[in-house]
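Dear colleague,

I am passing on the structure below, together with some notes that I hope will help you find your way around it. Please look through the sequence and the model first, and then read on.

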Amino acid sequence: MNNVDHAPSVGCFLTTGDSLIAERLAHCELDYLCIDLQHGFLTESEARYCIQAISTRPNIRIWVRPSSKSLDHIGRLCDWGVHTLLLPMIETPDEVAAAIAATRYPPSGSRSFGPIRPSFVKPVANELLDRPVQVFVMIETLAAIDNLEEIAAVPGLSGIYFGPTDLGIAMGYGARDPFASKTRMAEVMRLGIETARRHGIFCASHAPTPTEASTILKMGFDHVTLGNDLVIFAATINDLARKSRSE
């Protein structure tokens, strides 16, 4: 079980492959950066460069959302030295168990020992065996909601992470503003917190706006992701442009 008694953490998705942007964001007031290989516009090689750039700030956690649930892909990302894997479109406890096993060395898992980068960034020692990569799974479908209790109960799971846009689409709300006046969404989010607390794991979510991020944290979530770099950059520039024209 995880200790969930901690201050909420705030992060951001990284969708571009520019290591300078990754490095700059790493030195902002964020607790984690999530490299998005699922929907982002970067290759695995660019992701590796971004991991190195983010590592220039030791206290920030490096998350990666993989492009697939392939066990080889998951093991490769672990070898790069990521702290947390955020697995998309998970629906069953069997999928969760297989993914967790891919991040653990025998006898508790199936990961092959080859942490080349972590071995020289931080010398290979027992902590590589005793402190495995965290695994969060995204709750984005009705099937995942139906199986939420069983998913949360899988040994070794670090947390559940709500993808409100995909979940809103699955519920028939569409992709726009999945939180607005959606009683069912709020009920599901509260169910997620209760389930996570019962199993001693973290509860996290994506937030489309700062207002929604604040709401999510007030609900009791442990982690909230403030959109992605491209959306935030565009919103900031548009805000500056509007203010410049009005002054």
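Helices, as the word is used here, are DSSP runs of H or I with at least four residues, strands are runs of E with at least two, and both are numbered from the N terminus. On that basis the protein chain has 12 helices and eight strands. Please keep in mind that this is a predicted model.

To begin with the chain as a whole, 46% of its 247 residues count as buried, and its accessible surface comes to about 12200 Å², of which 55% belongs to carbon and sulfur atoms. Among the contacts between residues at least 6 apart in sequence, 63% join residues that are at least 24 apart.

The strands form a closed barrel of eight, which runs 1-2-3-4-5-6-7-8 with parallel pairing, and from one strand to the next the twist averages 25 degrees. Several of these pairings can be followed in detail. Strand 2 (residues 32-36) and strand 3 (residues 61-65) run parallel and are joined by five bridges, and within this pairing Leu33 has Ile62 of strand 3 as its bridge partner. Strand 3 is largely enclosed by the rest of the structure, because four of its five residues are buried.

Further round, strand 6 (residues 159-162) runs parallel to strand 7 and is joined to it by four bridges, with Gly159 standing opposite Phe202 in strand 7. Strand 7 (residues 202-206) is in turn joined by three bridges to strand 8 (residues 223-228), again in parallel, and here His206 stands opposite Thr225 of strand 8. Four of the five residues of strand 7 are buried, so this strand too is largely enclosed by the rest of the structure. Helix 11 (residues 210-219) lies across strand 1 (9-14), strand 7 and strand 8, and runs at about 170 degrees to strand 8.

Turning to the interior, the largest nonpolar core has 58 residues, and those that touch the most other members are Ile35, Leu85, Val137, Ile139, Leu157, Ile160 and Phe162. Apart from it lies another core, of 10 residues, which includes Tyr32, Trp63, Phe136 and Ala204. If you would like one residue of the largest core to look at, Val137 may serve: leaving aside its neighbours within four places in sequence, Val137 is in contact with Leu87, Ile90, Val96, Ile151, Leu157, Gly159, Ile160 and Tyr161.

Helix 3 (residues 71-79) also deserves a look, since its buried residues are His73, Ile74, Gly75, Leu77, Cys78 and Asp79. At the start of this helix, a side-chain oxygen of Ser70 reaches to within 3.4 Å of the backbone nitrogen of Asp72, while just after the helix Gly81 takes a positive phi of about 100 degrees.

Three places in the loops are also worth a visit. Thr16 lies in the loop between strand 1 and helix 1 (19-26), and counts as buried because its relative accessible area of 15% falls under the 20% cut-off. The side chain of Thr16 makes a polar contact, at 2.9 Å, with the side chain of Asp229. With its neighbours within four places in sequence left aside, the residues in contact with Thr16 are Ile21, Leu42, Cys50, Asp229 and Leu230.

The other two places concern the backbone, where most residues other than glycine have a negative phi, and most peptide bonds are trans. Met89, found in the loop between strand 4 (84-87) and helix 4, has a positive phi of about 55 degrees although it is not a glycine. At 34% relative accessibility, Met89 counts as partly exposed. The peptide bond from Pro106 to Pro107 is cis, with omega near 10 degrees, and Pro107 lies in the loop between helix 4 (93-103) and helix 5 (116-121).

With kind regards

Key
Residues numbered from 1 in each chain as written. Predicted model: local features only at pLDDT ≥ 70, side-chain atom pairs only at ≥ 80, totals over all residues. Heavy atoms only, no water. Core = buried A, V, L, I, M, F, W, Y, C linked by side-chain atoms within 4.5 Å. Buried < 20%, exposed > 50% of the residue type's maximum accessible area, 1.4 Å probe, protein only. Contact = heavy atoms within 4.5 Å. Pairing = 2+ DSSP bridges. Axes fitted to C-alpha atoms, helices over the stretch in contact; angles between N-to-C directions. Areas by Shrake-Rupley, 256 points an atom, 1.4 Å probe, with all protein chains shown as cover. Polar contact = N/O pair within 3.5 Å; in protein donor to acceptor, adjacent residues only side chain to side chain.
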